[in-house]
Amino acid sequence: MGNVKILLLEEDAQEALNLRKTLESNGYIVLDVATNKKDAITKAHELVPDLILIDLNPEGEFSGIQTESMGIVKEIKKFDMPVLYLTVHSGNVEIQKAQLTETHDYLVKPFDSAELKNAVEFTLYKNRIKEEFEKSENFYKAIFEHTGTATVIIEADTTISLANNEFENLSGYSREEIEGKKSWTEFTSKEDLERMKEYHRRRRVNSTSAPLIYDFRFIDRKGIVKNIHLDIGIVPGTKKSVASLLDVSELKRSQEAVKRSETKYRGLFDNAADGIFLLKGDTFIECNEKALEIYGVTRDQIIGQNPYLFSPESQPNGIKSKEMAIKFINKALDGYPQHFEWQYLSYDGTPFDAEVALNRLKIEDEYLIQAIIRDVTERKKAEKLEKENIKLQELDKLKSMFIASMSHELRTPLNSIIGFTGIILQGMTGELTEEQIRQLTIVKNSANHLLSLINDVIDLSKIEADKTELFIEDFDLSPVLVDIEESFIDMMGRKGLKMSLEMPESLMVYGDERRIKQVIMNLVSNAIKFTDNGDVTIDVMENDRMVEVTVKDTGIGIREEDQKKLFQAFSRIHVEDQPIVEGTGLGLYLSQKIAHLLGGNIYAKSQFNKGSEFTFIFPTKY
Amino acid sequence: MKRILIVEDNEDNLYLMGFIVKKGGYNVIEARNGHEGVKLAENEKPDLILMDIQLPDFDGLETTRRIRKLDSLPDIPIIALTSYAMAGDKQKAVEAGCNGYIEKPINPDTIMGEIEKYL
């Protein structure tokens with residue numbers, strides 16, 4: 001450091017001379033002497049001294065510290081130079097204050113040469129320290145500003161005393177609004193606040209007693225929550241801490257997005273309908289839930305194994321499984337997707353057929369094989385069933401066609417038989433003998449029996465195939481009942497039975513007349529067939545929109561154990577010592593089916609040797 | 001003597017019905033299919049037609065409909081004949097234009113009774 005250059009501010013020429021002498025004798029260079037305020041400012045500006053020495057004369061230009069003279073102090077301060085005041089008294093508050101905060105000093109007159117030198121040196125020293133400090137402070141301030149993260153200095157009472165530009169951006173407040181005014185607690189979410197207050201307290205007692213790095217939720221000016229990664233350091237020897245805050249909201253969001261996406265694909269993978277494997281070479285390295293299900297294994301039992309361990313020794317075409325599997329895998333690894341059928345063995349040794357697709361996947365510079373395995377056992381079963389089903393449908397069609405042709409072909413010749421026997425029996429072709437009449441009657445009855453048998457079988461197959469067409473119309477049931485009664489008069493007369501019919505004068509029904517008639521006729525004909533003495537009564541009534549037709553006889557009745565067989569097909573109930581009654585064994589079965597078809601039912605009540613009662617009910621409106 | 005046209009493809013039935021009708025005192029005209037039935041109805045102008053439902057070309061219902069379209073035979077009675085009646089056959093026959101309906105196998109008395117209703 002060269003010679004110190006001093007600018008002297010002194011009104012009194014003699015004093016100036018004395019001071020110059022004293023300073024120069026101490027090795028200082030006196031650049032110039034200013035004698036008034038204006039002069040002082042101009043010279044300080046032009047000469048740039050290392051120090052300004054100013055004699056505060058109570059009466060002169062540089063006087064009146066309390067009034068005008070403060071003007072010079074103020075002006076001098078602007079130069080940011082070390083200043084040494086010479087004063088007659090030390091009680092000057094302004095100077096004392098200046099001395100504390102600035103690199104100013106003062107010397108009380110009178111003083112000797114050594115005292116002046118000390119004062120000059122001390123003032124210069126203070127200035128050097130100040131400069132050093134400022135340099136260092138600027139250095140740290142620059143670091144503080146350019147940490148790249150929001151950084152704050154926190155006082156023991158939680159106040160933020162310093163905040164950088166990044167923190168302004170993060171919080172949405174200017175540092176003027178923050179510094180010394182806001183506490184970090186105002187930026188902390190409710191959920192994290194108590195925990196962090198506790199950390200803050202503990203940290204002041206012992207800096208290592210609370211975590212220094214952790215995440216918390218930060219609330220900015222607009223109330224937006226940000227995920228912050230916090231890093232705290234205690235400033236040594238103080239209760240202050242420095243906190244840097246890194247906004248990881250985006251990072252967290254993208255991490256969550258990755259996680260969600262991963263969960264989603266894992267879900268797709270695990271819930272896939274097909275078994276999916278990843279193979280590295282010929283080793284299973286990953287698989288989904290379905291794959292485990294198909295093979296009947298746990299993850300541990302299959303990961304790390306080779307696919308051909310889950311195959312029989314040879315495939316159905318005779319080729320060794322291992323040989324073939326390796327060939328397929330190698331082709332897939334060469335970039336040719338493979339698709340083939342394969343027979344596997346599940347863990348318990350059950351063989352199953354599968355369709356396999358192999359594709360090459362590039363994962364982190366490595367080629368893996370993705371194998372998709374579809375268990376086609378069920379499908380093959382379904383295909384077989386489908387074939388059988390088609391066959392059955394064809395058979396069913398054939399049956400329907402057969403029945404349709406039966407109905408015409410079988411009945412046409414019967415028409416001739418019945419028709420011509422009728423003509424002959426009526427004597428239209430000439431007189432007949434007793435014997436001829438008897439025999440022809442047998443022919444006619446047999447033909448009629450055959451006809452009703454055919455008709456019953458046709459009805460039955462139609463009902464069973466759900467192909468019965470009902471012909472629903474409005475009709476009066478009463479004349480139908482009269483018809484029925486009349487058609488049985490001959491038969492009743494021959495057996496010596498009486499018939500009574502109880503019914504309303506008119507009973508309008510909306511239903512299938514022919515089917516209803518068929519059922520009633522069946523019941524009446526049964527009653528007559530199984531009754532040798534007494535009577536058959538038909539009771540018809542309407543009850544709650546249902547028609548009830550009750551056919552009651554005084555015949556042989558039905559044993560209780562036989563009653564449940566009544567409505568079964570081809571069940572003929574035979575009673576010992578009784579002649580076998582003619583019938584197809586289909587009548588009641590068919591009648592019951594028809595009753596159901598009409599939305600009705602047939603109920604039977606019977607007492608053996610006393611008689612039977614059959615009730616046919618059906619709705620008045622189909 | 002009144003004339004009855006019998007439209008029936010089965011020879012035995014044709015003979016059977018013809019026999020009954022002749023015994024009843026009518027002349028018989030025979031047709032063995034629908035076409036012949038329509039032609040004979042138009043040309044011969046019978047007094048009544050017995051119409052089998054199952055015929056080889058078009059059925060008795062169609063034959064009836066065609067006869068009903070002829071201007072020359074506005075009110076001729078047509079009686080349908082069919083095997084064991086199917087659901088709605090009676091209705092279908094009436095809709096096609098038949099006046100009556102007889103179920104096979106036929107009974108000589110029934111058929112004559114039905115014919116006499118119209119002649």
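These legends walk you through several close-up views of a predicted model.

**View 1. Chain B as a whole alternates between strands and helices.** Start by counting the pieces: chain B has five helices and five strands. Follow the chain from its N terminus and the elements run β-α-β-α-β-α-β-α-β-α. Of the 119 residues in chain B, 54% are buried. Its accessible surface comes to about 5300 Å², and carbon and sulfur atoms account for 45% of that. Now think about which parts of the chain touch: among contacts between residues at least 6 apart in sequence, 59% join residues at least 24 apart.

**View 2. Strand β1 of chain B pairs with strands β2 and β3.** Why is β1(B) largely enclosed by the rest of the structure? This strand covers residues 3–7, and four of its five residues are buried, so the rest of the structure largely encloses it. Five bridges link β1(B) to β2(B), residues 27–31, and the two strands run parallel. To find this pairing, look for R3(B), which stands opposite N27(B). Four bridges link β1(B) to β3(B), residues 48–52, again in a parallel arrangement. Here I6(B) has L50(B) as its bridge partner.

**View 3. Two strands and a helix of chain B form a β-α-β unit.** Trace the path from β1(B) through helix α1(B), residues 11–23, and on to β2(B). Is this unit right-handed or left-handed? Together the three elements make a right-handed β-α-β unit.

**View 4. Helix α2 of chain B has a set of buried residues.** The helix spans residues 34–44. Which of its residues are buried? They are G34(B), G37(B), V38(B), L40(B) and A41(B). The spacing is worth a moment's thought: an α-helix has 3.6 residues a turn, so residues three or four places apart point the same way. The buried residues of α2(B) pack against β1, β2, β3 and α3 (60–68) of chain B.

**View 5. Look next at the two ends of helix α2 of chain B.** At the N-terminal end, N33(B) acts as a cap: one of its side-chain oxygens lies 3.2 Å from the backbone nitrogen of H35(B). After the helix comes K45(B), with a positive phi near 45°.

**View 6. Chain A includes a stretch where pLDDT stays under 50.** The mean pLDDT of chain A is 84, and 92% of its residues reach 70 or more. Over residues 64–69 of chain A, however, pLDDT stays under 50. For this stretch the model has 13 contacts beyond four places in sequence.

Methods:
Residues numbered from 1 in each chain as written. Chains lettered and ligands numbered in written order. Predicted model: local features only at pLDDT ≥ 70, side-chain atom pairs only at ≥ 80, totals over all residues. Heavy atoms only, no water. Buried < 20%, exposed > 50% of the residue type's maximum accessible area, 1.4 Å probe, protein only. Pairing = 2+ DSSP bridges. Right-handed = clockwise from strand over helix to strand, strands pointing away. Contact = heavy atoms within 4.5 Å. Areas by Shrake-Rupley, 256 points an atom, 1.4 Å probe, with all protein chains shown as cover. pLDDT = per-residue confidence, 0-100. Polar contact = N/O pair within 3.5 Å; in protein donor to acceptor, adjacent residues only side chain to side chain.
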